[in-house]
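Colleague: I would like a close look at one part of this protein. Please take a single helix pair and describe how the two helices meet, then add what lies around them.

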Amino acid sequence: MIIVSRTMDWGERSGGGGGTGVADELTLDLDDNLAELSLERTITSSLKSAEEIERLTVDERLNDIERAVYLLSSGQEVQRISVIKNLPQLLTDHSNDAMRRVVPKVREVLHLANCDLQDAATKVFVTIIEQRIITPASYAQSFLQTILSNVDNRDPDVSEAWLEVLLQVISFLPKDILKRDVLTVAVEKGQLSQSVQSRLASCRILGKVATRCDSFMIKRDILPLVQSLCQNVDYEVRSCMCRQLDSVARGLGLEPTKSAILPELVELSNDEESCVRLAALETIVSLLSLLDDETCTQTIIPLVCKFCENAMQSEDSTLPAVARQFGRLCHGLSVNLTEDQKIWFLNFYCKLCVIGLVPEKTRVNDRQSPPILNLYREEDRHMECRRHCAFNFPCMVLFAGPRNFKMELHGTFACLCDDPNKCVRVTMASGFHEVAKMLGSSVLTIQGELISLLKDDLLEVIHGIISHLPETLDTFAKGGNVVTESKILGFGFDNLVLCRRITGLADLIPALISAETAAASSRNWRLHRDLLEKYSCLPRCLTSDQIYNKIVPMFFKHIIAHRVLPVQLAAAHSLCVFMRYNRRLEQRQDICGRLIEECCHSGNHRYRKLFIDICHFSLELFSKNYFKENLYNSVIQLAQDPVPNVRLKFCSLLPSLKSQFKLPKDLQLLQQLETLVRRLLSTENDHDVVTAVRRAVFELDRIKMTVGIQTSKHHQEDDLQDQKKEEDEQLLLEMERRDHEEADSKTGSSKAPSSAKGGDKRRESKAGATSTAAATATARKTVGAKSSKTGSATGRRVAPSSSSSSNTSVYSSPNKATTKTAKSQGKKSIENATFAAPTASSASKVTSLSAKTGKRSPTVQEPNNNKPPASRRRAGSDGLICMSSSSASKTPSYSRTKKDTNASATVDGHTSSGSSLVKRTSSTGGTHGELRRSSGSSVTSPRVRQSSSSNIATSNSTTRIKKTTVSKS
């Protein structure tokens with residue numbers, strides 16, 4: 001602090017003469033300190049002497065071979081290493097000279113070389129034989145002897161490195177060279193007079209050579225030495241040779257193995273040293289695929305049972321090895337085991353899973369105990385046993401069978417999932433999805449364990465279960481006891497599995513929220529991001545209401561409040577998936593509206609940039625029409641955003657926006673986009689944004705617009721995908737509509753028994769409505785003659801009508817399924833209407849058609865929620881949007897259905913002529929009747945697009961649709 005204050009006063013004292021000495025002293029001290037802290041020091045010439053520089057200097061006139069020989073002879077260590085690393089290139093370019101002059105120098109250098117040079121040489125020698133730079137004969141003559149001599153190096157690390165080189169080289173050498181050069185050395189090293197290190201090397205060489213020799217050569221030259229090494233006095237040699245018996249047995253074949261190898265293996269499994277017994281167990285597991293059923297039944301199974309019992313009694317180091325190999329043992333011997341033997345193996349496995357655990361009454365909660373206590377417990381061996389058992393649990397489920405899981409293994413599974421050691425729980429969480437797949441229809445048995453793992457207080461456990469959560473939940477959805485919400489519509493679309501309602505998975509919601517809370521409260525944002533991404537699979541197993549009420553608020557909180565962008569992006573993408581597969585129209589509208597309000601209209605530019613990413617997600621998930629109707633008008637406003645970074649990110653969206661248009665329907669939107677781009681080019685001041693706009697213009701020019709049916713193959717595939725998305729969206733609307741119909745039918749059936757007085761009132765209301773309809777129809781003007789022509793022009797089917805009279809009566813045949821429903825339930829019939837938002841292109845078409853007919857197109861009114869309740873839109877009991885009777889006579893009606901049974905034609909959701917009033921009557925048994933006035937409305941939500949057929953069900957009477965048209969003036 002004193003130095004800083006002095007520094008600030010230097011400028012004042014420099015003007016006077018009194019403080020010059022103090023300032024100079026401080027300056028010198030500061031220079032000394034900076035010199036000591038300097039990270040960059042000047043390299044002076046005193047670091048290298050002239051003699052050293054002269055020694056490192058090489059004559060430039062030397063060629064590659066001469067330079068390599070010179071450096072190997074008198075160069076520094078680093079120069080020799082460089083030459084050895086470049087040896088493959090020298091052999092490729094100058095094969096004869098390199099073999100004659102350089103390779104002998106390399107052999108001389110390796111005798112007294114240090115570890116670095118030896119390590120470089122081992123890698124180069126393997127590269128030369130792998131790349132076939134020289135022939136195997138030349139390699140054996142020039143390099144193999146060097147490798148064999150260096151195997152006996154006094155340094156154990158160097159000797160081990162060269163032994164690994166020899167084992168790799170054996171795979172490329174011919175049999176005659178192996179027998180002459182390698183096998184002779186292996187036999188010599190395997191004698192009792194040699195050191196333990198030499199005998200261990202002999203065991204490994206024999207095992208590798210056995211894979212390249214035939215059965216006769218193994219019996220004659222290798223097998224006697226193998227049997228001798230299995231009886232060696234040193235336990236390390238016996239253990240090493242035992243691990244090579246698998247390779248020797250596969251080279252011999254089945255019969256020689258049964259007579260020569262199995263007796264040695266049985267004896268080694270009973271060895272007094274645990275490491276030898278462990279090697280014998282691993283070899284037995286490896287040989288199971290080679291042995292026949294008789295050998296497995298008579299020899300291997302009794303041997304394994306005895307081995308496991310001894311390991312359990314002694315609880316030595318072989319017990320974790322038994323637990324590690326137990327899954328492979330059960331899988332390999334399953335076809336040879338009797339029922340009693342299977343039960344014995346299952347019981348032994350269950351004992352391994354709980355070994356080392358304290359009984360429940362005296363057990364302390366180890367999760368909350370201090371970690372220091374583990375230092376004083378000798379439970380590492382038991383913990384390893386339980387961890388290996390947890391790893392092998394899917395194999396044991398396959399061994400026991402899914403049908404026997406609940407009775408045989410469910411208790412053990414629950415115990416492992418609740419193990420006090422975190423490693424065991426992490427292993428169980430990582431393999432949980434495999435167990436769920438194997439259980440199939442019995443998967444709900446382990447739902448409690450899934451909840452327990454999701455609520456675990458250890459993040460590693462949560463990460464293990466979350467990493468495969470989509471597969472797990474998909475298995476629960478397919479194999480659990482599910483109740484489908486869609487009783488009317490089947491699974492018409494393979495990717496639309498949201499119509500399932502999994503009642504059994506509702507209990508998972510608190511656990512899923514708990515896991516998310518634990519991830520959000522930690523500092524591991526990557527885990528939180530992965531969790532939010534994996535939660536996008538929830539529509540497979542949860543209902544729309546459950547996701548909307550419990551999960552969606554949590555995701556909105558992270559979009560608004562979280563500071564890490566990847567977490568926000570993951571939450572936004574999952575929200576778009578929830579909105580894509582949500583069955584409720586109101587909920588989809590609310591999610592979309594909140595995204596627009598919280599992000600697009602936010603005062604923070606970070607959220608406005610995030611909204612552009614949301615638009616990218618929506619373009620991938622939703623159809624083109626949905627995007628244009630719900631998000632397009634909001635996102636184009638960001639082109640005029642005051643923050644340049646927002647406008648810069650908006651430019652990346654421009655090509656995707658153009659690809660959503662299809663001519664001539666979206667001509668007006670295309671012109672609007674082109675005007676927007678021209679405005680950006682002319683008014684933009686930020687250099688980066690201008691560059692991004694110009695780059696986007698080039699991409700826009702490369703995008704070919706789809707005009708009518710003249711499309712390329714790429715456009716056809718894109719249209720098919722978009723059509724698939726539209727069908728899915730229409731299926732959602734249809735499912736919701738039928739749900740409303742079912743709810744209305746239940747309500748109507750409860751009110752079916754009514755009095756005659758009630759029927760009289762309905763007949764009176766019917767008569768009044770009929771008179772009102774007649775007055776309204778007379779006041780309206782329609783163009784009947786142009787209606788059929790307009791309908792054919794728009795590609796819509798128009799119901800046939802009689803041309804001989806102005807007042808025509810159209811009889812619609814009732815739908816069979818609807819008639820059956822009406823007869824069985826005795827309720828009123830329902831006519832469905834769909835209201836679509838007008839687009840710019842559709843409005844222009846209506847204007848042009850009305851001009852041709854000489855009539856004035858009715859004005860499309862915007863929705864007004866401030867009107868009195870009498871004229872406001874209301875939702876009927878059948879879930880449809882309808883108008884009240886007071887507003888029906890004032891507003892022109894527009895109806896859009898899949899099959900237009902009215903004579904008036906529709907153009908993009910609007911009628912080109914005045915709509916007539918539709919009167920529907922439905923009687924049940926001739927006693928009850930009801931009149932409902934249905935009127936199309938231009939006061940619609942821009943997100944509502946429903947389509948339904950106007951099928952009028954009748955039970956004993958025929959439904960008649962009367963339509964009155966007025967001739968042209």
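Modeller: What follows is a short account of one helix pair, a loop residue after the pair, and a residue elsewhere in the chain.

The model is predicted, not experimental. The protein has 969 residues, of which 45% count as buried. Its secondary structure comes to 47 helices and 12 strands. Among contacts with a separation of 6 or more, 73% are between residues 24 or more positions apart.

The pair is helix H15, residues 245–252, and helix H16, residues 254–269. Two packed helices are described by the angle between their axes and the distance between the axes. Here the axes come within 9 Å and cross at roughly 165°. An angle over 145 degrees counts as roughly antiparallel, so H15 is roughly antiparallel to H16. The crossing of H15 past H16 is left-handed. On the H15 side, the contact is made by Leu 245, Val 248, Ala 249 and Leu 252. H16 contributes Pro 256, Thr 257, Ile 261, Leu 265 and Leu 268. Sorted by class, the contact between H15 and H16 has eight nonpolar residues, one polar residue and no charged residues. Thr is not on the list of nonpolar or charged residue types and therefore counts as polar; Thr 257 is among the residues that H16 brings to the contact.

Next comes the loop that follows H16. Glu 272 sits in this loop, between H16 and helix H17 (274–287). Is Glu 272 buried or exposed? Its relative accessibility is 62%, and the cut-off for exposed is over 50%, so Glu 272 counts as exposed. Leaving aside residues up to four places away in sequence, Glu 272 touches Arg 238 and Arg 277. The C-alpha atom of Glu 272 is 9.2 Å from that of Tyr 235, although 37 residues separate the two along the chain.

For a buried residue, turn to Gln 79 in helix H5, which covers residues 77–85. Gln 79 has 13% relative accessibility; buried means under 20%, and Gln 79 therefore counts as buried. What does the side chain of Gln 79 reach? The side chain of Gln 79 reaches the backbone nitrogen of Gln 76, at 2.8 Å. With residues up to four places away in sequence set aside, Gln 79 touches Leu 56 and Leu 71.

In short, H15 and H16 meet through eight nonpolar residues and one polar residue, Glu 272 in the loop after H16 is exposed, and Gln 79 in H5 is buried.

Definitions and conventions
Residues are numbered from 1 along each chain as its sequence is written. This is a predicted model: local features need pLDDT of at least 70, side-chain atom pairs count only at pLDDT 80 or more; totals for chains, interfaces and linings use all residues. Side-chain values use heavy atoms; hydrogens and water are left out. Helices (H or I, at least four residues) and strands (E, at least two) are DSSP runs, numbered from the N terminus. Buried means under 20% relative accessible area, exposed over 50%, partly exposed in between (1.4 Å probe, protein chains only). A polar contact is a pair of N or O atoms within 3.5 Å; within protein, one must be able to donate a hydrogen and the other to accept it, and residues adjacent in sequence count only if both atoms are side-chain atoms. Contact means heavy atoms within 4.5 Å. Axes are lines fitted to C-alpha atoms, for helices over the stretch in contact, and angles run from 0 to 180 degrees between N-to-C directions. Angles under 35 degrees count as roughly parallel, over 145 as roughly antiparallel, 65 to 115 as roughly perpendicular and the rest as oblique. A crossing is left-handed if the near helix is turned anticlockwise from the far one by less than a right angle, and right-handed if clockwise.
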